[in-house]
Amino acid sequence: MNFIWYILIGILAGYLAGKITRGGGFGLFTNLLLGIVGGVLGGWVFSLLGFQTTSIIGNLTTSTVGAILLLWIASFFKRGN
């Protein structure tokens with residue numbers, strides 16, 4: 001049953017990261033991928049800083065911060081005109 005929470009957290013984290021960074025969400029599948037990869041990246045960054053989360057709100061925060069960080073890193077690879 002916990003995997004359903006992880007999927008919902010991934011979708012919500014991707015959506016929130018999209019809203020925060022560019023003002024709109026992406027798509028359901030893209031939000032899910034962004035949230036999952038953001039969760040891994042955010043978990044890695046938070047653990048480097050010595051923080052651990054165990055609640056759903058903590059996992060959502062970690063995933064959202066990681067997704068924003070992922071979008072920020074990806075912005076360096078944007079094609080120019």
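Helices here are DSSP runs of H or I with at least four residues, and strands are runs of E with at least two, each numbered from the N terminus. In these terms the protein, which is a predicted model, reads α-α-α along its sequence. Its secondary structure amounts to three helices and zero strands.

The overall figures set the scene for the individual helices. Of the 81 residues of the protein, 27% count as buried. The accessible surface comes to about 5700 Å², and carbon and sulfur atoms account for 71% of that area. Among contacts between residues at least 6 apart in sequence, 63% join residues at least 24 apart.

Helix 1 covers residues 2-22 and supplies the largest share, six residues, of a nonpolar patch. This patch lies on the surface and consists of F3, I4, W5, Y6, I7, L8 and I56, which together have about 690 Å² of accessible area. One of its members, W5, is placed in helix 1. The relative accessible area of W5 is 41%; since this value falls between the limits of 20% for buried and 50% for exposed, W5 is classed as partly exposed.

Beyond helix 1 the chain enters a loop that leads to helix 2, and G27 lies in this loop. G27 has a relative accessibility of 26% and therefore counts as partly exposed. In sequence G27 and G14 are 13 residues apart, while their C-alpha atoms are 9.1 Å apart in space.

Helix 2, residues 28-48, contains 21 residues, and the distance from its first C-alpha to its last is 30 Å, close to the 30 Å expected at 1.5 Å a residue. The buried residues of this helix are N31, L32, L34, G35, G38, L41, G42 and F46. The spacing of such positions can be read against a general property of this fold element: an α-helix has 3.6 residues a turn, so residues three or four places apart point the same way. After helix 2 comes G50, whose phi is positive, near 90°.

Helix 3 occupies residues 56-75, and S63 is found within it. The 20 residues of helix 3 should span 28 Å at 1.5 Å a residue, and this agrees with the separation of 28 Å between its end C-alpha atoms. Its buried residues are G58, L60, T62, S63, T64, G66 and A67.

Two residues of helix 3 illustrate its relation to the rest of the chain. S63 has a relative accessible area of 8%, which lies under the 20% limit, so S63 is buried. Leaving aside residues up to four places away in sequence, S63 touches I9, A13, G35, G38 and G39. Of these partners, G35 and G38 are also listed among the buried residues of helix 2. T61 is likewise found in helix 3, but at 38% relative accessibility T61 counts as partly exposed. The C-alpha atoms of T61 and G39 are separated by 8.9 Å, although the two residues are 22 apart along the chain.

The aromatic rings complete the description. Two aromatic pairs are counted in the model. In one of them, the ring centres of W72 and F76 are 4.9 Å apart and the ring planes stand at 70°; because this angle is over 60 degrees, the pair is edge-to-face. Both W72 and F76 are exposed.

How values were computed:
Residues are numbered from 1 along each chain as its sequence is written. This is a predicted model: local features need pLDDT of at least 70, side-chain atom pairs count only at pLDDT 80 or more; totals for chains, interfaces and linings use all residues. Side-chain values use heavy atoms; hydrogens and water are left out. Patches are made of residues with over 30% relative accessible area and no salt bridge: like charges are joined within 9 Å, nonpolar side chains (Val, Leu, Ile, Met, Phe, Trp, Tyr) within 5 Å. Accessible areas come from the Shrake-Rupley method with a 1.4 Å probe; for residues, only the protein chains shown count as cover. A salt bridge is a side-chain nitrogen of Lys or Arg within 4 Å of a carboxyl oxygen of Asp or Glu. Buried means under 20% relative accessible area, exposed over 50%, partly exposed in between (1.4 Å probe, protein chains only). Rings of Phe, Tyr and Trp (its six-membered ring) pair if their centres lie within 6.5 Å; planes under 30 degrees apart count as stacked, over 60 as edge-to-face and the rest as tilted. The expected span of a helix is 1.5 Å times one less than its number of residues. Contact means heavy atoms within 4.5 Å.
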